[in-house]
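Dear colleague,

I am handing over the structure we spoke about, and my notes on what was found in it follow directly below. Please read them with the sequence and the coordinates open beside you.

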Amino acid sequence: MPLDRAKTLQDTMTQWRHQLHANPEIAFQEFDTAKFVADQLKSFGIEVQLGLATTGVVGVLSKGEGDCIALRADMDALEITEQNTFAHASKNPGKMHACGHDGHTAMLLGAAKILAESGTFRGTVVFIFQPAEEIEGGAEVMVREGLFEKFPIQEIYGLHNWPSMPAGQMAVGPGAMMAACDTFDIVVKGRGGHAAMPHLVVDPILASAHIVTAVQSLVSRWVSPHDSCVVSITKIQGGDTYNVIPDEVVLKGTARWFSPELGCEIEQALRKIIEGVGKSMGCDIQLIYDARYPPTINTPIEAQVSADVMASLVGETNVNRNPIPSMGAEDFAFMLGKRPGCYGWLGAGQSEDCPKLHNPHYDFNDDLLSLGAAYWVALSEHRLI
Ligand SMILES: [Zn+2]
Ligand SMILES: [Zn+2]
């Protein structure tokens, strides 16, 4: 049984996870992490290729002729100062594994060891350890640098620990799992001057306040109530003191959505809204819109296979086959854009109020390591018969 085999590695995986947690590295700087991963894979007798997306590591394990599937983990940490004080807390100031990618890496390494030593499958498993999942889109860089040309991958699978779901449960469904993520900057140019003589200035602060309010109508009045969409302004920067109206204000924000048709419309709607405010307030307003991550969309057959494998490990009642997708984003979307596959969640919650992802108190739940590794093993052996 995959779970029994994985449990024999529980202590080893915990050790790896703590070592990774204590030595976090951020986007495209995962040099020590990549070396650790590559050394482990080689010690299992797995062929390793380095260099994709700078610090990406790809392991290839073939057992005879057959199909080829890829399993993906992410290796990067976040720019967060860890607040935990346990022995394996971050030794790198300002950097922290607060999204559990240390656990993802340890679980996939565990699965690689089991599959190399005792995997019963025909074909090839490709183990992808990608850099820079957080914000920088390391998955896109790996795809651009030839991941799918260099390796004959037919299907691809991802898994994220999910503290909002109780440990022992898993989830995967067809269609959208995670939203798209766009970011934007709005530069509001007015004409600064004396705060006591507002009739002589063009006030970008007042225009910005109108923009923040008007943008709220985008989701409520442009988007169909049957579609999900978020548009948030997250930063306003302008002005220095009490008696000066500034020349310029810069706003930043993000849009999240699932349907590609809607995604195409958001930028245009935003542009129209701010142009209208600009005209009415006499300001020159520029929108810089950046489509960052597409939505993460699971293909139906692979999602069903994945859910069946989950059910074989935790029981049908502990598998959510139709989860409500998250408005968070995931760069695994770029890999899913190229091959069939799916992205699932591994319940990680220990209590209602346990720290969630990206919290400075977060720590990957080590109890999940065996289950996560067992999932990868079971999926590989199920898919490559
Ligand atoms: Zn994250
Ligand atoms: Zn993450």
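The zinc ion (ligand 2) and the zinc ion (ligand 1) sit 3.2 Å apart, with Cys 99 coordinating both of them. Please bear in mind throughout that this is a predicted model, and that every value below is computed from it.

Taking the zinc ion (ligand 2) on its own, its protein donors are the SG atom of Cys 99 and the NE2 atoms of His 101 and His 160, which lie 2.1 to 2.3 Å from the metal. Along the chain these donors follow the spacing C-x1-H-x58-H. Distant parts of the chain are linked in this way, since His 101 belongs to helix α4 and His 160 to strand β5, 59 residues apart. Both of these histidines, His 101 and His 160, are buried.

The zinc ion (ligand 1) is coordinated at 2.0 to 2.6 Å by Cys 99 through SG, by Glu 134 through two OE contacts, and by His 358 through NE2. The angles among its four donor atoms run from 54 to 152°, and the site is irregular. In sequence the donor residues of this ion are spaced C-x34-E-x223-H. Here too distant parts of the chain are linked, with Cys 99 in the loop between β3 (67-74) and α4 (101-118) and Glu 134 in the loop between β4 (123-130) and α5 (138-144), 35 residues apart. Cys 99 has a relative accessible area of 6% and is therefore buried, and Glu 134, at 12%, is buried as well.

Two of these donors come up again in the largest pocket, where Glu 134 and His 358 are among the residues nearest the centre, together with Leu 78, Ile 135 and Arg 256. The pocket holds about 770 Å³ of space, and 32 residues line it. Of the lining residues, 14 are nonpolar, eight are polar and 10 are charged. The strands β5 (155-166), β8 (180-189), β12 (248-257) and β13 (284-293) each supply at least two residues of this lining. Where does the largest pocket lie with respect to domain 1 and domain 2? Because domain 1 (2-177 + 295-383) and domain 2 (180-293) both give residues to the lining, the pocket lies between them.

Some individual residues may also be worth a look while you have the model open. Ala 132, which is placed in the loop between β4 and α5, has a positive phi near 55° although this residue is not a glycine, and at 0% relative accessibility Ala 132 counts as buried. Phe 28, found in the loop between α2 (10-22) and α3 (31-43), likewise has a positive phi, of about 60°, without being a glycine. Phe 28 counts as partly exposed, with a relative accessibility of 23%.

Is Tyr 242 buried or exposed? Tyr 242, in the loop between β10 (229-237) and β11 (244-245), counts as exposed, because its relative accessibility of 81% is over the 50% cut-off. The C-alpha atoms of Tyr 242 and Ala 195 are 7.7 Å apart in space, while the two residues are 47 residues apart in sequence.

With best wishes

Conventions
Residues numbered from 1 in each chain as written. Chains lettered and ligands numbered in written order. Predicted model: local features only at pLDDT ≥ 70, side-chain atom pairs only at ≥ 80, totals over all residues. Heavy atoms only, no water. 1 Å grid on protein atoms, 1.4 Å probe; cavity = no way out; pocket = protein on both sides within 12 Å on 5 of 7 lines; lining within 4 Å. Points joined across faces, edges and corners; volume = space filled by probe spheres on them. Helix = DSSP H or I, 4+ residues; strand = E, 2+ residues; numbered from the N terminus. Nonpolar A, V, L, I, M, F, W, Y, C, P; charged D, E, K, R; others polar. Domains from an automatic or database assignment. Donors = N, O, S within 2.8 Å, 3.2 Å for Na, K, Ca; no water. Tetrahedral: all angles 85-135°; square planar, octahedral: opposite > 155°, others 65-115°. Buried < 20%, exposed > 50% of the residue type's maximum accessible area, 1.4 Å probe, protein only.
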